[in-house]
Structures are given as structure tokens and as C-alpha cells.
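Biologist: I'd love to go through this structure with you and ask how each label was earned. Shall we put it on the screen?

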Amino acid sequence: MRYVWLLACMFLISINFLYCPFQEKALALEQPIFNMKNKSERALIMKGPSTKREIALTFDDAPDDIFTPKILDILKEKKVKATFFLVGHRIEKYPDIAKRIVQEGHAVGNHSYNHPNFLQMKEADFKRQINRTDKLISSLTGSVPTIVRPPYGEINDKQIEWLTKYKRVVVEWDVDSLDWKGLKSEEIVNNILSGVNPGSIVLLHSGTGEGGDLSGTVEALSMVIDDLRKKGFKMVTIPDLLDIP
């Protein structure tokens, strides 16, 4: 009888041993990406915590002299703070608009110097893209930005590790407005509102290349803000959403 009891105990112990790793893995997947143990994963964020009804509106490719001022006007009117990821050569071209972004209380991040695909760059060239834009942003804010968004969302582990070494955080998104396609305002509104959840990071654009049209973004922005507020969402900057400097 003791032998049977001993075998039963050993069987239960072995089952528990096999089960625990899978259980821990399942629980880990439920945690915010910035709490994960892997350094690269912790330094790359696609979504904030879902514990509050907060979301972040983010605008890439700023500044320009056509769409960025209109977007800033709407944000000011609606009393919303957003996050702008700045491109270095555009800061040089439109310094007054870049200053306005900062002066009106919006957060800013590094979006490279001239919008290359980082995956196609040598290590030294990648670092130059970051450092050159850091200096330009620092001249506006007095400090190096904590947050970085790679053009096209493309970045490799080695590049992330280098940024992590200098306490930088790579911020991507979980809701894509697809406004860069020149969509109509109704399509942009639907793309955003159909995908947002507490903690969402929304990708929009406030600058474009020659011939690009972000009129749909400008027209959609007020509708998006109003609808999100009706749904009980608060719009915050990336540093506030993620509780980072």
C-alpha cells in the first residue's frame, strides 16, 4: 500500500513540475511588454498598461509647415497633449514649428535624421541617425529624448540593445490609422476607433513627403478626440502613459 501511495505522490509531483513552466509562460504573456525580463522586449513597447482608460495619440514625421500647424491648432483647441516623433532634417527646415510643438506642452521623440530603414544601415550610420537628431531635439528641450520610434517600425535587436544601454525606449504602436495612405477622414476615424483599447498607442502622421496629403488626418482628429472622450478615454503623452521620464 505504501508503495502505491509513493508512486501516486511521485506522479503528482511530476505533473506539477511539467505544468508550472507553461503556466508561468501564459501569465507572462498577460504582462505589459515593458515589464518582461528580456531586455530587448522591455525596451520595445507597442502598448501601454490596460489598467487605466488612457491612450496616447502619436504623430510621426514632424514637423512640416502644412499639416503640423493645423494639427497643433486642433490639439490646442481640444486641450489634448500628444507625442510627436521628430525627424532631424525637418527640425532644421522648420525650427519654429518644432519649437511650437515643445512650447505647447507636447512630448517629443527621436524619429531619425532623414527617415531611413534602420535594418538596411550599418551600425555606425544608425548611431549617427540617432545622435544627430538627439542634438537637434536637445537644443529645443534642453535634454535628450527618452523615446525613439524607428522609421517604418523597423529595428533589430542589436540596435535596441544599444539604445537600452543609454536608457532609451523604443515606442511603436498597436493601432495604425493608415493615414499616410491619404485616406479620407471617415476611414481614418474608423481605423482608430475600431482598434483602441485602454493603453493603446495610436499611430498618426503630422508631416509627409512631397505630394503627400494628410488632409484626412486633420479632418479626422477632432472627431477622434470627441469620440474617445465620449467613451471615457483620457488622451496622454507617451511618457505619461508609460510612466517614463
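Modeller: Here is a conversation about strands, helices and salt bridges, and the definitions behind them.

Modeller: A word on the source: this is a predicted model, in which local features need pLDDT of at least 70 and side-chain atom pairs count only at pLDDT 80 or more, while totals for chains, interfaces and linings use all residues. Residues are numbered from 1 along each chain as its sequence is written, and side-chain values use heavy atoms, with hydrogens and water left out.

Biologist: Good. What makes strand E2 largely enclosed by the rest of the structure?

Modeller: Buried means under 20% relative accessible area, with exposed over 50% and partly exposed in between (1.4 Å probe, protein chains only). In E2, residues 54-62, 9 of the 9 residues are buried, so the strand is largely enclosed. Strands here are DSSP runs of E with at least two residues, helices are runs of H or I with at least four, and both are numbered from the N terminus.

Biologist: How do you know that E2 pairs with strand E8?

Modeller: Two strands pair if DSSP finds at least two bridges between them. E2 and E8 (residues 201-205) are joined by 5 bridges and run parallel, with Leu203 in E8 as the bridge partner of Thr58. Strand E3 (residues 83-86) is joined to E2 by 4 bridges, also parallel, and there Ala62 has Leu86 as its bridge partner. With strand E9 (residues 234-235), E2 has 2 bridges, again parallel.

Biologist: Why is the unit of E2, helix H3 and E3 called right-handed?

Modeller: The term applies if, with the strands pointing away from the viewer, the path from the first strand over the helix to the second runs clockwise. E2, H3 (residues 67-78) and E3 make a β-α-β unit of that right-handed kind.

Biologist: And helix H8: what makes its buried residues line one face?

Modeller: The buried residues of H8 (residues 185-193) are Ser185, Ile188, Val189 and Ile192. Seen down the helix axis, they fall within an arc of 100°, so they line one face; the arc is that of the directions from the helix axis to the C-beta atoms. These residues pack against strand E7 (175-176), E8 and helix H9 (215-230), where contact means heavy atoms within 4.5 Å.

Biologist: Why is the link between Asp60 and Arg149 called a salt bridge?

Modeller: The rule asks for a side-chain nitrogen of Lys or Arg within 4 Å of a carboxyl oxygen of Asp or Glu. Asp60 and Arg149 meet at 2.8 Å, N to O, so by that rule they form a salt bridge. Asp60 lies in E2 and Arg149 in the loop between strand E5 (147-148) and helix H7 (157-165), so the pair ties together parts that are 89 residues apart in sequence. Both Asp60 and Arg149 are buried.

Biologist: Lys78 also forms a salt bridge with Asp226. Are these two residues buried or partly exposed?

Modeller: Lys78 has 18% relative accessibility, so it counts as buried. Asp226, at 32%, counts as partly exposed. Their closest N and O atoms are 3.0 Å apart. Lys78 lies in H3 and Asp226 in H9, so this pair ties together parts that are 148 residues apart in sequence.

Biologist: How many salt bridges does a search of the whole structure find?

Modeller: The search finds 9. Asp73, Arg100 and Glu104 are linked in a network of salt bridges.
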